[in-house]
Amino acid sequence: MIENKKNYEQFDQDMFTPIEMNEQLGERIAGKSLNFWQDAWLRLKKNKAAIISLSIILILVILSLFGPMLSGRDAYEQNISQAKLPPKVTGLEWAGFDGMATLGGREIDFYEQKNVEENYWFGTDYLGRDLWSRIWEGTRISLFIGLMAAIIDTVIGVAYGGISAYFGGRTDNIMQRIVEILTGVPNLILIILFILIFDPGVFTIILAMVITGWIGMSRLVRGQILKLKNQEFVLAARTLGASSGRLIFKHLIPNTLGAIIITLMFTIPSAIFFEAFLSFIGIGLQPPQASLGTLINDGYKELRTFPFLLVIPSVIIVLLMVSFNLLADGLRDAFDPKMRK
Amino acid sequence: MGRYILQRLTYGLITFFLIATFTFFLMDLLPGSPYQNQEKLTESQIQLLNDRYGLNDPLPVRYATYIGNMLQGDLGVSFRTANRPVTELIMERIGPSAQLGLQALVLGTLVGILLGVVAAIRHNTVIDYGSMFVSVIGISVPSFVFAALLQYYVGVQFKLLPVAFWDSPAHTILPTISLSLGVTASIARFVRTEMLEVTGQDYVTLAKAKGLSGNAIVWKHMVRNAMIPAITILGPLTAALLTGTFVIEKIFAVPGLGELFVTSITLNDYSVIMGTTLFFSAVFILIILMVDLLYGVVDPRIRLGGDN
């Protein structure tokens, strides 16, 4: 307090001139009027963790699309003579990318031993496939699964929750009893059983996750719409003769969009995790398809001799999960500053 | 209250019955054969085996038998493990899984509360950011990645603890830590938010006014109240622990239920898959039910059966 006072005393009284107040000035709006999204973006920009996460996600997305082209190698091409090479990048030898690995207690340069001239940035796996290309191929598939599962969850959840809350009464009662019964189902076991019956593949995994995944979203939307539907602006729209469809899609859903997007953002990492989990216990994607989960599973088998095969895909999946979680946290704060702690 | 419990129990039973039915029909669709070396068996041998296990009966008959037996606690016999009854297989594997799950739950809760409380007390300081960073990592790192790395570095590289199996308390340390990571992270985040929530409450001001020490206020008044809503995440946490045990038991070769389930899937051991599924579901449904009831008991402000 005392310091503050000192600071004020530095300023001369003459430096200040009182503003003359008049009616026009009082009505003037100083700042530009911002809509909801601009406002949220302004707040999000201030959140360093969220912005860094957003950049990491963008970089990973770009790499997952164009990464394989950078190395120029195919993710599925096998080359047994160049199998199990540790990562090597010219200029990054100090960071461990030196093509060396410990075998039988000795450090060996595998590139020299196998007479390989070129560098594999992330090394190769047990079939001599380029890990760099496989990682980005896998990241793309994992991201695709996460995004698709999240989007389908959202569509079903919003429709179900919206209808249930909007119509209320008996419709709501029946629909909520169904939800109550479904929430008792351990989703993991359902997912595993579902995948066992159908051929394991990208779409089976997405579908399996959607079966119970939409419930959370539907509950959220129902809660929000129940809160909104008796507010004045809805009544006004109804008085003006808006149809149910228009009310739901033009008035109610846009007002819950913030909450929906936040939930969507939290769904993506959990879907990526589930895919990796399924692939890790061996019932997810099948070889030769690459996803972060299958790569981690492959790497785990070679863990004792070639830890890089596990460590590199693990780092990517952790980066992806941390970034999505932090971005979702940031979005929650940006959309709803009251939630910030 | 009584009506509410009854209602919840009914829903639980319906859910369980639906899962049982669903599992049964899914198993019927499952590709592959339950017999080892089916190629080597003659047509009549397969016929005999099918007769013996009742696989030749029409679907409705098998379904009725299955439900009837299930109600008597008979989950059939394993096709693979020398005709062992499934119930017996499950019973002998509950021990390690329950121990692992409980240890992880206790460890995770304690560390999580500590992290959350410290973060809330030192709100917006390095300590707060540090402990929240730990919890974000804990939520984001898949348990199996963490377990594999822990196993490699602690077990294989530095040989500090046993790499696998379930023989002594030392063997349980690594699996417990791996499994507790997610619990720690979610509890820490939750407790921090709730602690910040109760900071401004009147009873905290009162405690301060009557001259209680900082520690007494935090542990006697704030943490206790902050922990009430934490009961709600016990349900999701149980689900997460179940998920965790599948991979962690596989990685550390723990002879538990998760390992049994994963193995029976790879072996097409139908009756074991069905049995473990039902068992897991029953446990899950019961825990969710208990959590909901507990919530009302711990905090009388919450009226059960609310929205009607």
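**Notebook: a cavity, a threonine and some helices**

I looked for enclosed space first and counted 1 cavity of 30 Å³ or more. I note here that the model is predicted. Rolling a probe the size of a water molecule over the atoms shows where empty space is left.

**The cavity in chain A**

I read off the volume of the largest cavity as about 40 Å³. I then listed the lining: Asp125(A), Leu131(A), Arg134(A), Leu295(A), Asp298(A), Gly299(A) and Leu309(A). Two elements of chain A, helix 6 (131–167) and helix 12 (292–301), give two or more residues each to this lining. Which helix gives the largest share of the lining? I found that helix 12 of chain A does, with 3 residues. I sorted the lining by class and got 3 nonpolar, 1 polar and 3 charged residues.

**Thr154(A)**

I stayed with helix 6 of chain A and picked Thr154(A), which lies in that helix. Is Thr154(A) buried or exposed? I noted a relative accessible area of 11% for Thr154(A), and because the cut-off for buried is under 20%, Thr154(A) counts as buried. I looked up what Thr154(A) touches, leaving aside residues up to four places away in sequence, and found Met217(A), Ile260(A) and Leu264(A). I also checked Gly213(A): Thr154(A) and Gly213(A) are 59 residues apart in sequence, and their C-alpha atoms are 9.0 Å apart in space.

**Helix 11 of chain B**

I moved to chain B and took helix 11, residues 257–266. How many of the 10 residues of this helix are buried? I have 7 of the 10 as buried, so helix 11 of chain B is largely enclosed by the rest of the structure. I wrote down the buried ones: Leu257(B), Gly258(B), Leu260(B), Phe261(B), Val262(B), Ser264(B) and Ile265(B). I then looked just past the end of helix 11 of chain B, where Asn268(B) takes a positive phi of about 60°.

**Helices 4 and 7 of chain B**

I looked last at a helix pair in chain B: helix 4 (residues 86–121) and helix 7 (residues 169–199). At what angle do helix 4 and helix 7 of chain B pack? I noted about 35°, with the axes 5 Å apart. I recorded the crossing of helix 4 of chain B and helix 7 of chain B as right-handed. I divided the residues of this contact by class: 19 are nonpolar, 11 polar and 1 charged.

Terms used:
Residues are numbered from 1 along each chain as its sequence is written. Chains are lettered from A and ligands numbered from 1 in the order in which they are written. This is a predicted model: local features need pLDDT of at least 70, side-chain atom pairs count only at pLDDT 80 or more; totals for chains, interfaces and linings use all residues. Side-chain values use heavy atoms; hydrogens and water are left out. Axes are lines fitted to C-alpha atoms, for helices over the stretch in contact, and angles run from 0 to 180 degrees between N-to-C directions. Helices (H or I, at least four residues) and strands (E, at least two) are DSSP runs, numbered from the N terminus. A crossing is left-handed if the near helix is turned anticlockwise from the far one by less than a right angle, and right-handed if clockwise. Ala, Val, Leu, Ile, Met, Phe, Trp, Tyr, Cys and Pro count as nonpolar, Asp, Glu, Lys and Arg as charged, and the others, Gly among them, as polar. On a 1 Å grid over the protein atoms alone, a cavity is a set of points where a 1.4 Å probe fits but cannot get out, and a pocket is an open set with protein on both sides within 12 Å along at least five of seven lines; lining residues have an atom within 4 Å of a point. Grid points are joined across faces, edges and corners, and a volume is the space filled by probe spheres set on the points. Buried means under 20% relative accessible area, exposed over 50%, partly exposed in between (1.4 Å probe, protein chains only). Contact means heavy atoms within 4.5 Å.
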